[in-house]
Amino acid sequence: MGTAANVAAVLAGTLLGVLLGNRLPVRTRDVVTDGLGLVTLLIAATSAIAVLDPGLAEYAGSSAPMLIVLASLVLGGVVGSLLRIEDRLAGLGGYLQRLLTRDSGTAGRQRFIDGFITASLIFCTGPLTILGSLNDGLGNGADQLYLKSALDGFAAIAFAAAFGWGVGASVVTIVVVQGGLTVVGAALGDVLPDPHLTAITATGGLLLVGVALRLLRIREIPVADLLPALLIAPILVEVIGASR
């Protein structure tokens, strides 16, 4: 139910954003995107600060958390680049653009893809995505996903005003990622201790920094290629913690 609510909120926000965006000049939409970039940077900072969590330091050692996040991003970047996750995500966005819209121009296609990739990354890399989906699957309620749905709905309005229907196409990613994590939570139970979840939160925060830099047009970091870091982080925590 949490993922279903999230999908409904993003679709509703996208519809409102497209209707509003068509009435806004390009300059205004650029300013909206810059504002979202700054807010994303703030959210990223609040997540990345989890690297200083005492529980993670106690489990893995006081000097380990920073190294865990660093190694996760490096190894995750290697894996993601070899798998060409960013290119495949862009390809999926292009396919959905051709399937769902009539705008075949290069500019329209790129705008759709940018909206799809940006929204997918923001809606699916935050700590609420992982924690909320797992808790929903574990039967602990979907309160975190309902909160995320409200935040994503408002964000979708702003993103769709700038990027158009590509933001709505991100519900495909939401269903796959959040739905998959919910199934994992239901099948495996509570398998991740707090230090492991903390490492995922800190690593996800840094990924959101990369998203913010893209939104602010500072640097086009291939954030999707870094997504495997979210899987590597808890593995490194377990390896380091078990070896102490």
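A residue counts as buried when its relative accessible area is under 20%. I begin with that cut-off, colleagues, as it will be needed for one residue of the structure shown above, which is a predicted model.

Let me start with the chain as a whole. The chain contains 12 helices and zero strands. Read from the N terminus, its elements therefore follow the order α-α-α-α-α-α-α-α-α-α-α-α. The radius of gyration is 18 Å, close to the 18 Å given by the globule rule for 244 residues, so the chain is as compact as a globular protein of that length. Along the principal axes, the C-alpha trace spans about 60 × 35 × 30 Å. Of the 244 residues, 50% count as buried. As for contacts between residues at least 6 apart in sequence, 82% of them join residues at least 24 apart.

I turn now to helix 2, which covers residues 26-48, and to two of its packing partners.

The first topic is helix 11, residues 194-215. At what angle do helix 2 and helix 11 pack? The angle is about 165°, and the two axes are 8 Å apart. Angles over 145 degrees count as roughly antiparallel, and helix 2 is therefore roughly antiparallel to helix 11. The crossing of this pair is left-handed. On the side of helix 2, the contact is made by Thr33, Asp34, Leu36, Gly37, Thr40, Leu41, Ile43, Ala44, Ser47 and Ala48. Helix 11 contributes Thr201, Ala202, Gly205, Leu206, Leu208, Val209, Val211, Ala212 and Leu215. By character, the residues of this contact divide into 12 nonpolar, six polar and one charged.

The next topic is helix 8, residues 143-163. Helix 2 packs with helix 8 at an angle of about 140°, with the axes 9 Å apart. These two helices are therefore oblique to each other. Their crossing is left-handed. Here Arg29, Val32, Thr33 and Leu36 of helix 2 meet Ala158, Phe159, Ala161, Ala162 and Phe163 of helix 8. The contact comprises seven nonpolar residues, one polar and one charged.

Next, a single residue: Ile122, which is placed in helix 6, residues 106-124. Is Ile122 buried or exposed? Its relative accessibility is 16%, so Ile122 counts as buried under the cut-off with which I opened. Which residues are in contact with Ile122, leaving aside its neighbours within four places in sequence? They are Thr40, Phe159, Leu208, Val211 and Leu215. Several of these names have already appeared: Thr40 belongs to helix 2, and Leu208, Val211 and Leu215 to helix 11, while Phe159 lies in helix 8. Ile122 and Val211 are 89 residues apart along the chain, yet their C-alpha atoms are separated by 7.2 Å.

Finally, I should like to mention two residues in loops. Most residues other than glycine have a negative phi. Arg84, however, has a positive phi, near 55°. This arginine lies in the loop between helix 4 (64-83) and helix 5 (85-100). At 45% relative accessibility, Arg84 counts as partly exposed. Arg217 also has a positive phi, of about 60°, although it is not a glycine. The loop that holds Arg217 runs between helix 11 and helix 12 (229-243).

To close, I would recall that helix 2 is roughly antiparallel to helix 11 and oblique to helix 8, and that Ile122 of helix 6 is in contact with residues that include Thr40, Phe159 and Val211. Thank you for your attention.

Conventions: Residues numbered from 1 in each chain as written. Predicted model: local features only at pLDDT ≥ 70, side-chain atom pairs only at ≥ 80, totals over all residues. Heavy atoms only, no water. Axes fitted to C-alpha atoms, helices over the stretch in contact; angles between N-to-C directions. Helix = DSSP H or I, 4+ residues; strand = E, 2+ residues; numbered from the N terminus. Parallel < 35°, antiparallel > 145°, perpendicular 65-115°, else oblique. Left-handed = near helix turned anticlockwise from the far one by under 90°. Contact = heavy atoms within 4.5 Å. Nonpolar A, V, L, I, M, F, W, Y, C, P; charged D, E, K, R; others polar. Rg over C-alpha atoms; globule rule 2.2 N^0.38 Å. Buried < 20%, exposed > 50% of the residue type's maximum accessible area, 1.4 Å probe, protein only.
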